[in-house]
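Please look over the sequence and the model shown below before reading on. The report then goes through a few chosen places, one topic at a time.

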Amino acid sequence: MTTTVIKNAAWVIAWDEALRRQVYRRGVDLAFADDRILFLGRDFTGPADRVIDGRTRFVLPGLIDIHSHPEHEPLYRGIREEHGLPSMHMTGLYERSQALSATDDEARAASAEFAYCELLLCGVTSLVDISPPWGGWVDLFAKSGMRGFLAPGYASARWYLEDDHELRYAWDEARGRAGFAAALGTIDAALAHPCGRLSGVVSPMQIDTCTEDLLRDSRAAACDRGLSFTLHVAQSVTEVREMIRRHGQTPVQWAQSLGLLGPGTILGHALFLDHHSWIRGWTKSDLGILGDSGTAVAHCPTPFARYGQIMENFGDYLRAGIVMGLGTDCAPHNLVEEMRKAAILARIAARDITTVTTADLFHAATAGGAKALMRDDLGRLAPGRKADIVLVDLACPQMQPTRDPLRSFVYHAADRAVREVFVDGHQVVADGRVLTLDQGAAGARLRAAQQRMEAAAPGRDYRRRSAAEITPLSLPMAE
Ligand SMILES: [Zn+2]
């Protein structure tokens with residue numbers, strides 16, 4: 001057994017079991033042995049193999065990101081920040097995913113390695129990675145040192161466009177079934193991996209691309225295995241209208257009628273519910289259905305904010321009883337910035353500063369995500385919980401003056417102040433650098449992969465356009 005002690009930590013965010021919430025503590029010792037927290041309090045007197053001076057450190061539980069797509073999103077840096085179709089209520093999802101996607105497993109490996117580094121460097125220690133299975137995925141994730149909830153995606157249909165206003169579906173149920181079987185195989189391989197940090201989430205990709213039978217069987221497979229289940233729901237106006245056209249119900253109402261909701265179900269985004277001002281449904285029941293059923297929502301503000309879309313609003317979701325967690329979805333993979341945006345956008349949507357607090361967002365990024373994953377041992381610093389720990393440097397200028405370090409971290413410093421990260425008791429970030437992966441080398445491979453992806457665009461785009469025509473550079477190129 002190896003014991004590490006963070007001695008005299010200036011500030012700690014600890015889990016108070018009686019209050020069921022995160023609280024500040026000052027001037028305490030945090031000891032962990034192997035993968036578990038042993039002690040949190042004053043004057044640890046046990047033996048220690050390593051002592052870390054905590055006097056300049058703000059110690060947090062590792063952050064939990066419950067929605068991401070590392071195998072391709074970094075390939076979109078410089079591409080998707082301003083890409084969206086006004087004719088599809090601003091979303092660029094369908095046009096982009098048709099014309100621009102990873103061309104090969106080397107591209108996926110470079111993209112994922114780059115994303116895992118970004119995530120570790122902002123203090124994410126647990127990640128739901130929703131990706132089509134690719135060669136080398138399980139081993140690369142294990143190598144990263146992060147705690148992984150691998151969510152291999154599959155669907156009965158793929159989207160395609162023939163114009164810029166109608167979303168079409170190419171159905172192939174046999175492909176969906178084969179993808180489902182392969183996904184369960186990948187999850188079993190993750191669970192059996194000797195690193196012991198990998199698990200899985202059953203992940204049919206989107207509510208509009210999967211048949212009723214595939215969705216029901218997927219949720220049943222998740223329940224049988226004691227795993228979470230995730231599905232993109234209400235992520236665009238186009239999708240909501242399509243589901244109402246098919247079923248006469250919103251996506252959330254239809255999901256409820258199929259038995260897909262409840263504890264352990266994580267809906268990706270769930271932005272366009274029936275109360276949303278862009279939907280204005282004749283029912284106003286979606287929030288209540290999600291809250292009453294104990295369903296979780298993975299909120300990822302950045303991609304939607306770029307389109308000009310916001311959740312309406314995070315505070316109302318909380319008050320409805322929905323289990324709220326956060327995700328990064330796209331690059332940058334910075335969960336601290338997602339906390340900041342989620343807070344500010346909720347207040348804009350509500351025109352009310354009291355609708356959410358920083359504590360609400362930090363809870364979502366830690367204990368909320370853990371609840372969505374049915375893992376009470378994560379997202380909390382307390383004896384017996386997993387030793388997933390982030391150390392923030394209070395000497396970082398953006399952390400000063402340190403009156404309220406969580407506010408300094410969320411609204412000012414973010415990843416710039418993260419210095420050390422431990423997952424399962426193992427150090428994976430030291431002095432602000434990832435120890436397990438090579439972000440610099442991955443970045444070089446990523447640019448080459450992005451060029452291959454751009455070169456393939458005219459053969460995939462419905463109008464045979466180049467990537468430069470689909471998403472021009474932000475400034476014109478001078479001669
Ligand atoms: Zn997603």
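## Two residues with positive phi

Histidine 269 is buried, because its relative accessible area is 2%, and buried means under 20%. This histidine belongs to strand E13, which covers residues 265-269, and histidine 269 has a positive phi of about 85° although it is not a glycine. The model in which these values were computed is a predicted one.

Arginine 280 also has a positive phi without being a glycine, with a value near 50°. Arginine 280 is found in the loop between E13 and helix H8 (286-293). Is arginine 280 buried or exposed? Arginine 280 counts as exposed, because its relative accessibility is 66% and the word exposed applies to values over 50%.

## The largest nonpolar core

The largest nonpolar core is made up of 115 residues, and those with the most contacts inside it are Phe58 and Tyr116. Helix H2, which runs over residues 105-121, gives the most to this core, with 7 residues.

Which residues does phenylalanine 58 touch, if its neighbours within four places in sequence are left aside? Phenylalanine 58 is in contact with Trp11, Ile13 and Tyr24, with Val390, Leu391, Val392, Leu394 and Met399, and also with Pro405, Leu406 and Phe409.

## Glutamate 420 in strand E17

Glutamate 420 has its place in strand E17, residues 418-423, and this glutamate counts as buried because its relative accessibility is 12%, while buried means under 20%. The side chains of glutamate 420 and arginine 57 are joined by a polar contact of 2.9 Å.

If its neighbours within four places in sequence are set aside, the contacts of glutamate 420 are Arg57, Ile389, Val390, Leu391, Gln427 and Val429. Glutamate 420 and leucine 121 are 299 residues apart in sequence, and yet the distance between them in space is 8.6 Å, taken from C-alpha to C-alpha.

## Serine 408 and a cis bond before proline 401

Helix H13 (residues 405-413) contains serine 408. Serine 408 is buried, because its relative accessible area is 7% and buried means under 20%. Apart from neighbours within four places in sequence, serine 408 is in contact with Gln398, Met399, Pro401 and Ala413.

One of these contacts, Pro401, takes part in a cis peptide bond, since the bond from glutamine 400 to proline 401 is cis, with omega near -10°. Proline 401 is placed in the loop between strand E16 (389-393) and H13.

## Helix H6 and what it packs against

Helix H6 covers residues 237-247, and its buried residues are Val237, Thr238, Glu239, Val240, Glu242 and Met243. These buried residues of H6 pack against two further helices and two strands, namely helix H1 (93-99), helix H7 (251-257), strand E10 (167-171) and strand E12 (228-233). Just after H6 comes glycine 248, which takes a positive phi of about 70°.

## The two cavities

How many cavities of 30 Å³ or more does the structure hold? The structure holds 2 of them, and the largest cavity has about 60 Å³ of space. The residues that line the largest cavity are Leu271, His299, Pro301, Phe304, Gln309, Ile310, Met311, Asn313, Phe314, Ala342, Leu345 and Ala346. By class, this lining has 9 nonpolar and 3 polar residues, and no charged ones. Helix H9 (301-307) and helix H11 (335-350) each supply at least two residues of the lining, and H11 gives the most, with 3 residues. Asn313, one of the lining residues of the largest cavity, follows a cis peptide bond, as the bond from glutamate 312 to asparagine 313 is cis, with omega near -25°. Asparagine 313 has its place in the loop between H9 and helix H10 (314-319).

The second largest cavity has about 40 Å³ of space, and the residues that line this cavity are Ile244, Gln249, Thr250, Gln253, Asp274, Gly281, Trp282 and Thr283. By class, the lining of the second largest cavity divides into 2 nonpolar, 5 polar and 1 charged.

Terms used. Residues numbered from 1 in each chain as written. Predicted model: local features only at pLDDT ≥ 70, side-chain atom pairs only at ≥ 80, totals over all residues. Heavy atoms only, no water. 1 Å grid on protein atoms, 1.4 Å probe; cavity = no way out; pocket = protein on both sides within 12 Å on 5 of 7 lines; lining within 4 Å. Points joined across faces, edges and corners; volume = space filled by probe spheres on them. Helix = DSSP H or I, 4+ residues; strand = E, 2+ residues; numbered from the N terminus. Nonpolar A, V, L, I, M, F, W, Y, C, P; charged D, E, K, R; others polar. Buried < 20%, exposed > 50% of the residue type's maximum accessible area, 1.4 Å probe, protein only. Contact = heavy atoms within 4.5 Å. Core = buried A, V, L, I, M, F, W, Y, C linked by side-chain atoms within 4.5 Å. Polar contact = N/O pair within 3.5 Å; in protein donor to acceptor, adjacent residues only side chain to side chain.
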